[in-house]
Amino acid sequence: MSFDLSVIPHKNIILAVTGGIAAYKSAILVRRLKDFGFDVRVVMTHGAQAFITPLTFQALSGNPVHTELLDPEAEAGMGHIELARWADLVLVAPASCDTIAKFANGLADDLLSTLYLATKAPVWVAPAMNQQMWAAKATQRNLQTLVEDGVHVIMPDAGEQACGDVGLGRMPEPEDLARQVAAYFHKAQRAIAEKFGLLAGKRVTITAGPTREAIDPVRYISNHSTGKMGFALAAACYAAGAKVTLVAGPVSLDTPNGVERINVKSAMQMLDASMNQLEEGCDIFIATAAVADYRVAEVAEHKIKKAGDELAVSLVKNPDIVATIAQQQQRPFMVGFAAETRNVEEYAAGKLVAKKLDMIACNDVSRPDIGFASDENAMTVFFAQSYHLEKRELEKASKQEISQQLVEAIHDALLQK
Ligand code: C5P
C-alpha cells in the first residue's frame with residue numbers, strides 16, 4: 001500500500017477500546033493514527049479499563065477519554081451524540097465478543113454501544129479474541145449481522161495468542177490498522193477528485209496582469225506583465241471544477257472558457273473588484289497580478305504639456321491587495337506569487353509570512369528562459385508552516401502544466417485544513 005502521506009485529509013477518528021489483552025496495542029495505534037494527522041478521541045468500555053488506564057490514552061491522544069454514558073460532567077463537555085457526530089470514522093480495536101454481540105443486537109447500555117447506534121460515520125471493528133471464541137457460532141453469526149449492517153470487519157491475524165493457543169484472533173499490528181484507515185480516506189478523496197475535479201465547488205478569484213496607474217488622461221505607469229500565468233491558472237481551476245472569476249488588468253488575452261472576467265485598470269480598481277468578490281463568496285484567492293507598487297499622487301485632469309527639461313511626478317504607495325484580503329476575518333485560502341531576481345526563496349518565504357499567505361509560488365525572473373512574457377515557467381512552492389507540507393519544486397514546463405501542478409498543491413493544502 002503506497003500513497004503520499006502528506007495528502008491524507010484531516011479527519012476525526014474515534015478509537016473505541018474494549019476489554020481484551022490486545023488493548024495494549026491500541027495505545028500504539030493512537031500514536032500511529034496521529035502520525036497520519038488524524039484527530040483521535042478514545043472511548044473505553046469498562047472491560048478495557050481493566051487492561052489499560054484512560055490516562056494512558058488521554059496522554060497519547062491529547063484529548064479527554066470518554067468512558068461513561070451517564071456522566072453529567074462528560075455530557076456537559078462532549079456528550080455521546082456530539083461525539084457520534086464528531087467522528088468521521090469509528091474504529092473499534094480491539095473489538096471483544098461482547099461488543100460485537102451488543103452491536104449485532106442493537107443494545108445501548110453503555111457509551112460505546114450507544115455511540116454505535118447514534119453515529120452516521122463508518123464503523124470498523126477489529127475483533128481480537130481467543131481463537132475458540134472467534135470460531136464460536138454465536139460470534140460468527142453476530143459478525144455476519146454486522147457485515148450485513150454495513151460494518152467493516154478487519155479480519156484478525158493468525159498466530160500465537162496471549163492465552164497460549166494458536167489460531168485466528170490476534171489484532172493486526174497498529175501500523176497496519178492506521179495505514180488501512182489512512183488509505184480509506186485517501187481513496188475516498190481520490191474518488192471524489194476524479195469524479196468532480198480537485199477544486200469541485202470551490203469559488204476562486206484570480207488577479208492577473210499588470211495595473212495601469214494614470215499620470216494624466218493619456219499617459220500611465222505600468223509594467224511588462226502579460227497576465228499569461230493568471231489566465232492559465234484560471235483555465236486550470238475551471239477545469240478542476242471551480243467557479244472562477246478573473247480580475248484582470250489591461251491585457252490582450254482571450255478569457256478562458258467558463259471563466260467570469262472583470263476588467264480593471266488601476267490597483268485601486270483591482271482592490272475594489274477583489275473585495276467585492278470576497279463579499280460574494282470566495283474560497284481561494286490567487287494573486288498573480290503584477291500590481292504597481294505606487295500610483296501618481298495627483299492625476300492631472302488634462303494632458304501635461306511639454307515644458308522644461310525635467311518633470312517631477314510624485315507617487316504614493318498602493319495598497320497591497322493580497323495582504324489586505326488576507327487580513328479579512330472571513331479570509332479565503334490565500335495564494336501569492338513572488339517574482340524575484342535574487343535570493344528568490346528567502347524573499348518568497350518572507351512574503352509568505354509578512355502577507356499572511358497560505359501558499360506562495362515563486363520564480364526567478366532573472367532567468368531569461370522563463371517568467372513574464374514567456375509561455376513557460378518554473379516555480380518553487382512554499383506552504384505556511386501550519387500545513388506541514390514540504391516545499392515543492394515545479395520544473396520548467398508550460399504555464400498550463402505549471403497551473404495544473406499549482407491546482408494540485410492548493411488541493412493538497414486544503415485537505416490539511
Ligand atoms: O511584494 P510583491 O509585489 O513581490 O508581492 C507579490 C505578491 O503580492 C503577488 O502575489 C502580487 O499579486 C501581490 N501583490 C498585491 N498587491 C500589491 C502588490 C503585490 O496583491 N500591491
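## Salt bridges, strands and spaces

Glu194 and Arg190 sit 4 residues apart, about one turn of the helix, and both belong to helix H10 (residues 174–196). Keep in mind as you look around that this is a predicted model.

What holds these two side chains to each other? They meet in a salt bridge, with 3.3 Å from N to O. Is Glu194 buried or exposed? Glu194 has a relative accessible area of 61%, so it counts as exposed, the cut-off being over 50%. Arg190, with a relative accessibility of 47%, is partly exposed.

### Bridges between distant parts

Now for a pair with a longer reach. Arg203 makes a salt bridge with Asp283, and their closest N and O atoms are 3.2 Å apart. Arg203 belongs to strand S8 (residues 203–208), while Asp283 is in the loop between helix H12 (267–280) and strand S13 (284–287), so this bridge ties together parts that are 80 residues apart in sequence. Both partners are partly exposed: Arg203 has a relative accessibility of 34%, and Asp283 comes in at 25%.

Glu345 and Lys391 form another salt bridge, and here the closest N and O atoms are 3.0 Å apart. This pair also links distant parts of the chain, 46 residues apart: Glu345 is in helix H14 (residues 344–354), and Lys391 is in the loop between strand S18 (376–383) and strand S19 (392–398). Glu345 is partly exposed at 31% relative accessible area, as is Lys391 at 40%.

Salt bridges can share partners too, and in this way Asp98, Lys102, Asp109 and Asp110 are joined into one network. How many salt bridges turn up in the whole structure? The search finds 18.

### Strands side by side

Strand S18, which comes just before the loop that holds Lys391, is worth a closer look. Is S18 mostly buried or exposed? Of its 8 residues, 7 are buried, so S18 is largely enclosed by the rest of the structure. S18 has antiparallel partners. Strand S17 (residues 359–364) is joined to S18 by 4 bridges, the two running antiparallel, and Ile360 stands opposite Phe382 in S18. S18 is also joined to S19, by 5 bridges and again antiparallel; there you can find Val381 opposite Arg392 in S19.

Elsewhere, 5 strands make an open sheet with parallel pairing, in the order S2-S1-S3-S4-S5. Why do strands S2 (39–44) and S5 (152–153) each have one side without a neighbour in the sheet? They stand at the edges, each with a single partner strand, so one side of each is left free of a neighbour in the sheet. Further in, strand S1 (residues 12–17) and strand S3 (residues 89–95) pair in the parallel sense over 4 bridges. Ile14 stands opposite Val90 in S3.

### Empty spaces

The model also has pockets and a cavity. Here is how they line up.

| Space | Volume | Lining residues by class |
|---|---|---|
| Largest pocket | about 830 Å³ | 17 nonpolar, 12 polar, 7 charged |
| Second largest pocket | about 350 Å³ | 10 nonpolar, 6 polar, 3 charged |
| Largest cavity | about 40 Å³ | 4 nonpolar, 4 polar, 2 charged |

Let's start with the largest pocket. Which residues lie nearest its centre? Of the 36 that line the largest pocket, these are Ala289, Ala290, Val291, Phe337 and Ala339. Helix H11 (228–239), helix H13 (321–326), strand S16 (333–340), S17 and S18 are the elements that give two or more residues to this lining. S16 gives the most, with 4 residues. So S17 and S18, which we met above as antiparallel partners, turn up again here because each gives two or more residues to the lining.

The second largest pocket has a lining of 19 residues, with Ile21, Ala22, Met129, Ala162 and Gly169 nearest its centre. Helix H1 (23–35) and strand S7 (166–170) each supply at least two residues of this lining.

Finally, the cavity. The search of the whole structure finds 1 cavity of 30 Å³ or more. Among the residues lining the largest cavity are His66, Thr67, Glu68, Leu83 and Leu111. Helix H4 (72–78) and helix H5 (80–86) each supply at least two residues of its lining, and the largest share, 3 residues, comes from H4.

Definitions and conventions:
Residues are numbered from 1 along each chain as its sequence is written. This is a predicted model: local features need pLDDT of at least 70, side-chain atom pairs count only at pLDDT 80 or more; totals for chains, interfaces and linings use all residues. Side-chain values use heavy atoms; hydrogens and water are left out. A salt bridge is a side-chain nitrogen of Lys or Arg within 4 Å of a carboxyl oxygen of Asp or Glu. Buried means under 20% relative accessible area, exposed over 50%, partly exposed in between (1.4 Å probe, protein chains only). Two strands pair if DSSP finds at least two bridges between them. On a 1 Å grid over the protein atoms alone, a cavity is a set of points where a 1.4 Å probe fits but cannot get out, and a pocket is an open set with protein on both sides within 12 Å along at least five of seven lines; lining residues have an atom within 4 Å of a point. Grid points are joined across faces, edges and corners, and a volume is the space filled by probe spheres set on the points. Ala, Val, Leu, Ile, Met, Phe, Trp, Tyr, Cys and Pro count as nonpolar, Asp, Glu, Lys and Arg as charged, and the others, Gly among them, as polar.
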